[in-house]
Amino acid sequence: MSVARMFGDGVMSGPIRPVERPVPLRQSVYEALVELIVAGALRPGQHLVESELARQLGVSRQPVREALHRLEAEGWIDLRPSQGAFVHVPTEQEVDELLDVRELLEGATARLAARAATPEAVARLRVAWEEGEAAVESGDTAAAVAANNDFHAAVAEIAGNAVLAQLAEIVGRRVRWHYRQVAPARGHESWDEDQAAALARTHTERTRTAYHGEVMAGGPR
């Protein structure tokens, strides 16, 4: 059948949708390696051997090599001349700078979320917070890290700003990496500082918004 006949002698009945393409292999390898680093399967300072990574991932060395160069550019690994690739060991300054950025992003995200949050949304945040507390109590570091990430993702979703959510996801993945390393030592301190403070900000901002709304409308004072 000719193309013309397929489309009714040149008259299209609807828009043509782009052909779906599989994710490039180098992207899949990159994502896999980032998650292995974030999850702690590849530890800070660990030597990464291209041939071994390729064997474990079931791919050739070329996409692994391409992924490693991207990982170096983004600060996940270090490529040392004549030595090879090593998982990056974050410095205290890097951690502080990252958390400064997250604080700025989350301040804006929390304000937007506070304005948009419904009682149901706040209830979901409290559930996530309680799950994190339970994980800390049981000593389940993996669950605590996952709950921490889920909580922040929920706040970003409530805020409803796609750009902020994208930035928060980028920063959040790196924070997950750092948090996993300090979570066993900080335990309740880290969780309480983070989640309880976010909940408090949400409640305070929503209260303030409601108050100003009543005043502007001439309601109760």
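Okay, let's start inside a helix: T109 sits in helix α5, which covers residues 92-116. This is a predicted model, by the way, so keep that in mind throughout. Is T109 buried or exposed? It's buried, because its relative accessible area is 6% and the cut-off for buried is under 20%. And what does T109 touch, once you leave out residues up to four places away in sequence? You get V155, A156, A159 and L164.

While we're in α5, have a look at E106 and R102. Their side chains form a salt bridge, with N to O at 3.1 Å. Both residues belong to helix α5, and they're four residues apart, so about one turn of the helix. Both of them are buried, too.

Let me zoom out for a second. The protein chain has nine helices and three strands. Going along the sequence, the pattern reads α-α-β-α-α-β-β-α-α-α-α-α. There are 221 residues in the chain, and 33% of them are buried. For contacts with a separation of 6 or more, 75% are between residues 24 or more positions apart. On the outside, the chain exposes about 13,900 Å², and carbon and sulfur atoms supply 55% of that.

Right, the sheet. It's an open one with three strands, in the order β1-β3-β2, and the pairing is antiparallel. Which strands are at the edges? Those are β1, residues 47-48, and β2, residues 77-80, and each of them pairs on one side only. Quick reminder for anyone who lives in small-molecule land: strands of a sheet pair through backbone hydrogen bonds, either parallel or antiparallel.

So how many bridges do we have for each pair? β1 and β3, where β3 is residues 84-87, pair over two bridges. β2 and β3 pair over four bridges. In that second pair, D78 has F86 in β3 as its bridge partner. F86 also turns up on the other side of the story, since H47 stands opposite F86 in β3. The hairpin of β2 and β3 has three residues between the strands, and S82 there takes a positive phi near 65°.

Something also packs on this sheet: helix α4, residues 61-73, touches β1, β2 and β3. The direction of α4 makes about 110° with that of β2.

Let me stay with H47 a moment. H47 is in strand β1. It's partly exposed, because its relative accessible area is 39%, which falls between the 20% and 50% cut-offs. Leaving out residues up to four places away in sequence, H47 touches Q83, G84, A85 and F86. And if you like C-alpha distances, H47 and V87 are 40 residues apart along the chain, yet their C-alpha atoms are separated by 6.7 Å.

Now, charges. The structure holds eight salt bridges. One of them joins the side chains of R173 and E35, at 3.6 Å from N to O. That pair links distant parts of the chain: R173 is in helix α8, E35 is in helix α2, residues 25-38, and they're 138 residues apart. E35 is partly exposed, with a relative accessible area of 32%. R173 and E35 also belong to a bigger picture, a network of salt bridges that links E31, E35, R173 and R176.

Another one is E50 with R65, where the closest N and O atoms are 3.0 Å apart. Again the pair links distant parts of the chain, with E50 in helix α3, residues 50-57, and R65 in α4, 15 residues apart. Why does E50 count as buried? Because its relative accessibility is 18%, and the cut-off is under 20%. R65, on the other hand, is partly exposed, at a relative accessible area of 30%.

Last stop, the surface of helix α8. There's a nonpolar surface patch of about 280 Å², made by V163, L167 and I170. L167 is found in α8, which covers residues 162-186. L167 is partly exposed, with a relative accessible area of 39%. If you pull up the model, start with that patch, then turn to R173, which is in helix α8 as well.

Methods. Residues numbered from 1 in each chain as written. Predicted model: local features only at pLDDT ≥ 70, side-chain atom pairs only at ≥ 80, totals over all residues. Heavy atoms only, no water. Patch = residues over 30% accessible without salt bridge, like charges linked within 9 Å, V, L, I, M, F, W, Y side chains within 5 Å. Areas by Shrake-Rupley, 256 points an atom, 1.4 Å probe, with all protein chains shown as cover. Salt bridge = Lys/Arg side-chain N within 4 Å of Asp/Glu carboxyl O. Buried < 20%, exposed > 50% of the residue type's maximum accessible area, 1.4 Å probe, protein only. Contact = heavy atoms within 4.5 Å. Pairing = 2+ DSSP bridges. Axes fitted to C-alpha atoms, helices over the stretch in contact; angles between N-to-C directions.
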